[in-house]
Amino acid sequence: MSYPPAPRRSAVANAIYGLLNPIPFGFFVAALVFDIMYAKSGTILWAKGAAWLVSIGLVFAIIPRLVNLTQVWITSRRISTGADHVDFWLNFVAIIAAIFNAFVHSRDAYAIIPGGVWLSALTVALIAIGHIIIAVRYSADREWIHG
């Protein structure tokens, strides 16, 4: 008796997602650090740097989010787990928070505190929780073990 092959995700899409997904998180963490530095020092350079980091993080978030959208909801929805869905929604809300954060950072430098810090922290926390959920799922399934 032959069984149909198990559905798999595209290797190219996985490679693109794996390569580009950490980049926005790094930019958002750096923006949070810059926002905290601006809140502590009052040097406008930190605020302007945070504004650039949030904007660049949003640009780099486009492709991995589109790949994730396609894999979770369209092409691989039969093999997507609840953790994939939760990660998708956490990242979606984080991107929305980052968009609002970009608007907050477009104001005068003195007007971004405390909203910019809170939105940066929310963005970083949501993406980090999504990464933790996916990491726990992979370690529980023993699909991905660090060696």
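Me: In which helix is the place of Gly 49?

Reply: Gly 49 sits in helix 3, and since this is a predicted model, everything that follows is a reading of computed coordinates. A residue can be placed along the chain and also by what lies beside it in space, and for Gly 49 the C-alpha atom is separated by 6.8 Å from that of Phe 34, although the two are 15 residues apart along the chain.

Me: Is Gly 49 buried or exposed?

Reply: The idea is to compare the relative accessible area with a cut-off, and buried means under 20%. Gly 49 has a relative accessibility of 18%, so it counts as buried. Gly 82, which is found in helix 4, has a relative accessible area of 46% and is partly exposed.

Me: What is the share of buried residues in the protein chain, and how many helices and strands does the chain have?

Reply: Of the 147 residues in the protein chain, 37% are buried. The chain has five helices and zero strands, and read along the sequence it follows the pattern α-α-α-α-α.

Me: How should I read the length of a helix, and what span should helix 2 have?

Reply: One starts from an expected span, reckoned at 1.5 Å a residue, and sets it beside the distance between the end C-alpha atoms. Helix 2, residues 22–41, has 20 residues and should therefore span 28 Å, and its end C-alpha atoms are 29 Å apart, which agrees. For helix 3, which runs over residues 44–75, the 32 residues should span 46 Å, and the end C-alpha atoms are indeed 46 Å apart.

Me: Where does a kink lie in helix 3?

Reply: An end-to-end distance is one way to describe a helix, and the bend at a residue is another. In helix 3 a kink of about 35° lies at Ile 62, shortly before the proline Pro 64.

Me: Which residues of helix 2 are buried, and on what side of the helix do they lie?

Reply: Here the thing to do is to list the buried residues and then look at their directions around the axis. In helix 2 the buried residues are Pro 24, Phe 28, Ala 31, Leu 32, Asp 35 and Tyr 38. They cover an arc of only 125° around the axis, which means that they are on the same side of helix 2. Helix 2 is followed by Gly 42, whose phi is positive, near 80°.

Me: How many salt bridges does the structure hold, and which residues form a salt bridge?

Reply: A salt bridge is read from the distance between nitrogen and oxygen atoms, and the cut-off is within 4 Å. The structure holds one salt bridge, formed by Asp 84 with Arg 137, whose closest N and O atoms are 3.6 Å apart. Asp 84 lies in helix 4 (residues 82–105) and Arg 137 in helix 5 (residues 115–141), so the pair ties together parts that are 53 residues apart in sequence. Asp 84 is buried, with a relative accessible area of 5%, and Arg 137 counts as buried too, at 12% relative accessibility.

Me: How many cavities of 30 Å³ or more does a search of the whole structure find, and which residues line the largest cavity?

Reply: For an empty space one asks about its volume and about the residues that line it. The search finds one cavity of 30 Å³ or more, and about 50 Å³ of space lies in the largest cavity. Its lining is made of Asn 21, Pro 24, Phe 25, Ala 61, Arg 65, Asn 91, Ile 95, Ile 127 and His 131, with at least two residues supplied by each of helix 2, helix 3, helix 4 and helix 5.

Me: What lines the second largest pocket, and how is the lining shared?

Reply: About 160 Å³ of space lies in the second largest pocket, and the residues lining this pocket include Leu 58, Ile 62, Leu 69, Phe 88 and Phe 92. Helix 3 gives the largest share of the lining, five residues, while helix 3 and helix 4 each supply at least two.

Me: Which residues does a cis peptide bond join?

Reply: The angle to look at is omega, which is about 5° for the cis peptide bond that joins Ile 113 and Pro 114. Pro 114 lies in the loop between helix 4 and helix 5.

Notes: Residues numbered from 1 in each chain as written. Predicted model: local features only at pLDDT ≥ 70, side-chain atom pairs only at ≥ 80, totals over all residues. Heavy atoms only, no water. Salt bridge = Lys/Arg side-chain N within 4 Å of Asp/Glu carboxyl O. Helix = DSSP H or I, 4+ residues; strand = E, 2+ residues; numbered from the N terminus. Buried < 20%, exposed > 50% of the residue type's maximum accessible area, 1.4 Å probe, protein only. Expected span 1.5 Å × (residues − 1). Arc of directions from axis to C-beta. Bend = angle between axes of the 7 residues up to and from the residue. 1 Å grid on protein atoms, 1.4 Å probe; cavity = no way out; pocket = protein on both sides within 12 Å on 5 of 7 lines; lining within 4 Å. Points joined across faces, edges and corners; volume = space filled by probe spheres on them.
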